[in-house]
Amino acid sequence: MSVPRLVIAAPASGSGKTTVATGLMAALAGRGLAVSPHKVGPDYIDPGYHALATRRAGRNLDAYLCGPELVGPLFLHAARGCDIAVVEGVMGLYDGAAGEGELGSTAQVAKLLRAPVVLVVDASAQSRSVAALVHGFASWDPQVRIGGVILNKVASDRHEELLREALESVGVPVLGVLRRAAAVATPSRHLGLVPVAERRSAAVDAVRSMAALVSEGCDVSALAALARTAGPLPEGSAPWDPASAVAGSRPPAGRPAPAVAVAGGPAFTFSYAEHTELLTAAGADVVTFDPLRDEQLPEDTAGLVIGGGFPEVYGAELSANEPLRRAIAELARRGAPLAAECAGLLYLCRELDGRPMCGVLDATARMTERLTLGYRDAVAISDSVLAGAGTRMRGHEFHRTVVTPGAGAAPAWGVRGPERRVEGFVQHGVHASYLHTHWAARPGVSRRFVERCRTS
């Protein structure tokens, strides 16, 4: 399967990748194309804007969390039936996991996908120097093909003229010029952009403005033509398939599927689409609920998954929903499988910033000024509903909170990051941790979780 594709990258964060990538996705979708949206790295928020632009689930391509070998298959799985794919990069083009060379970088993903790269350059404070910048990025790695440049935050016609003149000697075509535009700005918070679920109508307007900006300032036809020059994926590449990944785990015919409740809504927006696909493939009946609104768990809930998000922003509302907090505590008391990541961990604590939470864990959580961010190598310390002791997994931390104590009597993970430590809680059927993981890398996690839901 060959899908036209291109990667939207930049020399550094803050250059305008999200605006260009999301606007281009929306502009292409507006032309009647089925657009497959992707994001390099572990970010959960940008894919929400991508989903608005394309009406398809935003997907992540993370060579660190999933391994380079899964980037192509996961891409093909998401892009099946699409006319074109747009991949938004992460950080600067060549920035990857700290101390790991190109691993996890946009450049690595572009090479794995054999996709041309469009470099978005913040030109607000330069003119002729843009040529040196683009030349450096284009020549740094011969395997990375810079197919074009989009100049962002251009001040005037004269400024544009100077930039274009400088770039003539580089041999990389200018495929777009964007002026400053307040309408496309998206509000930020301590962990990045505010998720779509928290500002639905405003997010729709922002995406519409991004599409207009890109349509007016970029040669969308030339960008689509560039996407069609992507090289063939390595021979034998096949789409990732959740059913194959959990092969042999479905129950015998006629046996009811256990209901697995997955937290959603504005407070819990961090999840990868592949997780629910894997749970379903493993035989679960996945039901989404909103802890801000629903006072009870879905009927016959046999297991619960609570991903990341911003419970600290909605602490008052989550705390006020006492019936649901009691229901979750009772589910945990019965020994049902509960998997909680980051925000889910905070929600299961006794309290968050002084407000009562579910009380499943004898721990307290509070907001801090310190950002904890980065990839982690982890090994399971204790047998749990997700993994047996000794299972190795890679994850990502992304929070400004502290849980006290940081680990229970049976810790979830031994973590190697800036420091070595144990982290998280395993008790009865509960696995709660700060670590965000991608289950496609370890599909046995979903298989094990659903099997425990059947038998608990």
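**Helix 5, the cores and a helix pair**

Colleague: Happy to be looking at this one with you! Which residues of helix 5 are buried?

Modeller: Keep in mind that this is a predicted model. A residue counts as buried under 20% relative accessible area. By that cut-off, the buried residues of helix 5 are Thr106, Ala107, Gln108, Val109, Ala110, Lys111 and Leu113.

Colleague: And how many of the eight residues of helix 5 is that, and what does it say about the helix?

Modeller: Helix 5 spans residues 106-113. Since the buried ones number seven of the eight, the helix is largely enclosed by the rest of the structure.

Colleague: Which residue takes a positive phi just after helix 5?

Modeller: Look right past the end of helix 5. The phi there is about 50 degrees, and the residue is Arg114.

Colleague: Now the cores. Which residues have the most contacts inside the largest nonpolar core, and which helix gives the largest share of this core?

Modeller: This core has 114 residues, and Leu93 and Leu151 have the most contacts inside it. Seven of the core residues come from residues 17-30, the largest share, and that stretch is helix 1.

Colleague: How many residues are in the other core, apart from that one?

Modeller: Among its members are Tyr314, Ile328, Ala340 and Val430. This separate core has 37 residues.

Colleague: Which residues does Leu93 touch, leaving aside those up to four places away in sequence?

Modeller: Leu93 is one of the two residues with the most contacts inside the largest core. Its partners include Ala9, Ala10 and Pro11, and also Ser105, Thr106 and Ala107. Completing the list are Val117, Leu119, Phe137, Val144 and Ile146.

Colleague: Are helix 6 and helix 7 parallel or oblique?

Modeller: The axes of helix 6 (residues 129-140) and helix 7 (residues 157-167) come within 8 Å and cross at roughly 45 degrees. That angle makes helix 6, relative to helix 7, oblique.

Colleague: Is their crossing left-handed or right-handed, and which residues meet there?

Modeller: The crossing of helix 6 and helix 7 is right-handed. By class, the contact has six nonpolar, no polar and no charged residues. From helix 6 come Val130, Ala131 and Val134, which meet, in helix 7, Leu163, Ala166 and Leu167.

Colleague: Last one: is Arg164 buried, partly exposed or exposed?

Modeller: Arg164 sits in helix 7, and beyond four places away in sequence it touches Val174 and Val177. Because its relative accessibility is 33%, Arg164 counts as partly exposed.

Note on methods: Residues are numbered from 1 along each chain as its sequence is written. This is a predicted model: local features need pLDDT of at least 70, side-chain atom pairs count only at pLDDT 80 or more; totals for chains, interfaces and linings use all residues. Side-chain values use heavy atoms; hydrogens and water are left out. A nonpolar core is a set of buried Ala, Val, Leu, Ile, Met, Phe, Trp, Tyr and Cys residues joined through side-chain atoms within 4.5 Å. Buried means under 20% relative accessible area, exposed over 50%, partly exposed in between (1.4 Å probe, protein chains only). Helices (H or I, at least four residues) and strands (E, at least two) are DSSP runs, numbered from the N terminus. Contact means heavy atoms within 4.5 Å. Axes are lines fitted to C-alpha atoms, for helices over the stretch in contact, and angles run from 0 to 180 degrees between N-to-C directions. Angles under 35 degrees count as roughly parallel, over 145 as roughly antiparallel, 65 to 115 as roughly perpendicular and the rest as oblique. A crossing is left-handed if the near helix is turned anticlockwise from the far one by less than a right angle, and right-handed if clockwise. Ala, Val, Leu, Ile, Met, Phe, Trp, Tyr, Cys and Pro count as nonpolar, Asp, Glu, Lys and Arg as charged, and the others, Gly among them, as polar.
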